[in-house]
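Let's take a friendly walk through a protein model. Have a look at the picture, and then we'll go through some of its features topic by topic.

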Amino acid sequence: MLVILQTVALPVISGIIQLTSVGGDPILVFGTWWVFWGVGTRLLVAGIAQVSGKGPTAAILGSSTPSVQEQQLTRELGMANLCMGFAGLLALIPGWALPAGIAGGLYLLIAGIMHVPKKSKNARETLATWTDLIVGLAVVVLAITVLTGALAG
C-alpha cells in the first residue's frame, strides 16, 4: 500500500495542491513531486528495509535463508537506495529535481524493464515492477521537458 501511495497518490495529490495554490507548469510540478515521493521517499524506505535486513530483497535472490553474500549484496543495494532516496528528497530545492530524478528514476525504470520478462512474479514483485516503470517514465517526461526547455531558451 505504501508503494502505491508513494508512486501514484502522493505525487498526484501534492501536485494538485501546488498547482491550485501557487500554479506552475504541470509537468514540472508533477515531475518534481514524482521525484520527491517516487524516488526520494520510496528509495529511502526501501534502503532502510534493505540495510536493516527486514525487507524482501534477500528472499527475492532465491533462498529462504539468505547467505552471507546475499545479505551483503542486499545491504549494499540498500545503501545505494538510501543515497538516491536522500537525493530525491532534495527535489523540492530548486535545481535538484532533475539530477536526483535522473539518478533514481532511471535506476527504477531500468529495474522495471528488467523485471517485466521475469516469469512467476509474486504480487509484490509485480507491483514493484509496474510502480518502478511509472516513476521512471514520469522522470523521463520531466527530463525531456526540462532539457528541451533549456535548449530552446
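**Salt bridges and other sights**

Search the whole structure and you'll find two salt bridges. Keep in mind that this is a predicted model, so treat it as a computed picture. As a bit of background, side chains of opposite charge can pair when their charged atoms come close. We'll start with those pairs, then move on to a pocket, a patch and a few single residues.

**The pair D132 and R42**

- One salt bridge brings together the side chains of D132 and R42, with 2.6 Å from N to O.
- D132 sits in helix 6 and R42 in helix 2, so this pair ties together parts that are 90 residues apart in sequence.
- Are D132 and R42 buried or exposed? Both of them are buried.
- For R42, the relative accessibility is 9%, and because buried means under 20% relative accessible area, R42 makes the cut as buried.
- R42 also gives us a distance to look at: its C-alpha atom is 10.0 Å from that of G104, and the two residues are 62 residues apart along the chain.

**The pair K118 and E125**

- The side chains of K118 and E125 form a salt bridge too, at 2.4 Å from N to O.
- K118 is partly exposed, because its relative accessible area is 34% and that label covers values between 20% and 50%.
- E125, on the other hand, has a relative accessible area of 10%, so E125 counts as buried.

**The second largest pocket**

- Rolling a probe the size of a water molecule over the atoms shows where empty space is left.
- How much space lies in the second largest pocket? The answer is about 230 Å³.
- This pocket has a lining of 16 residues, and the ones that lie nearest its centre are L28, V29, T32, A91 and A97.
- Three elements give two or more residues each to that lining: helix 2 (26-52), helix 5 (97-115) and helix 6 (123-152).
- Which helix provides the largest share of the lining? That's helix 2, with four residues.
- Sort the lining residues by character and you get twelve nonpolar, three polar and one charged.

**A nonpolar patch on the surface**

- M1, L2, L5 and V45 together make a nonpolar surface patch of about 380 Å².
- L5, one of those four, has its place in helix 1, which covers residues 2-21.
- L5 has a relative accessible area of 32%, so L5 is described as partly exposed.
- That value also fits the patch, because residues need over 30% relative accessible area to take part in one.

**Two exposed residues**

- S120 has a positive phi of about 60°, although S120 is not a glycine.
- Where is S120? You'll find S120 in the loop between helix 5 and helix 6.
- S120 is exposed, because its relative accessible area is 73% and the cut-off for exposed is over 50%.
- F86 belongs to helix 4, which runs over residues 68-89.
- With a relative accessible area of 51%, F86 counts as exposed.
- F86 and A128 are 42 residues apart in sequence, and their C-alpha atoms are 20 Å apart in space.

Technical notes:
Residues numbered from 1 in each chain as written. Predicted model: local features only at pLDDT ≥ 70, side-chain atom pairs only at ≥ 80, totals over all residues. Heavy atoms only, no water. 1 Å grid on protein atoms, 1.4 Å probe; cavity = no way out; pocket = protein on both sides within 12 Å on 5 of 7 lines; lining within 4 Å. Points joined across faces, edges and corners; volume = space filled by probe spheres on them. Nonpolar A, V, L, I, M, F, W, Y, C, P; charged D, E, K, R; others polar. Patch = residues over 30% accessible without salt bridge, like charges linked within 9 Å, V, L, I, M, F, W, Y side chains within 5 Å. Areas by Shrake-Rupley, 256 points an atom, 1.4 Å probe, with all protein chains shown as cover. Buried < 20%, exposed > 50% of the residue type's maximum accessible area, 1.4 Å probe, protein only.
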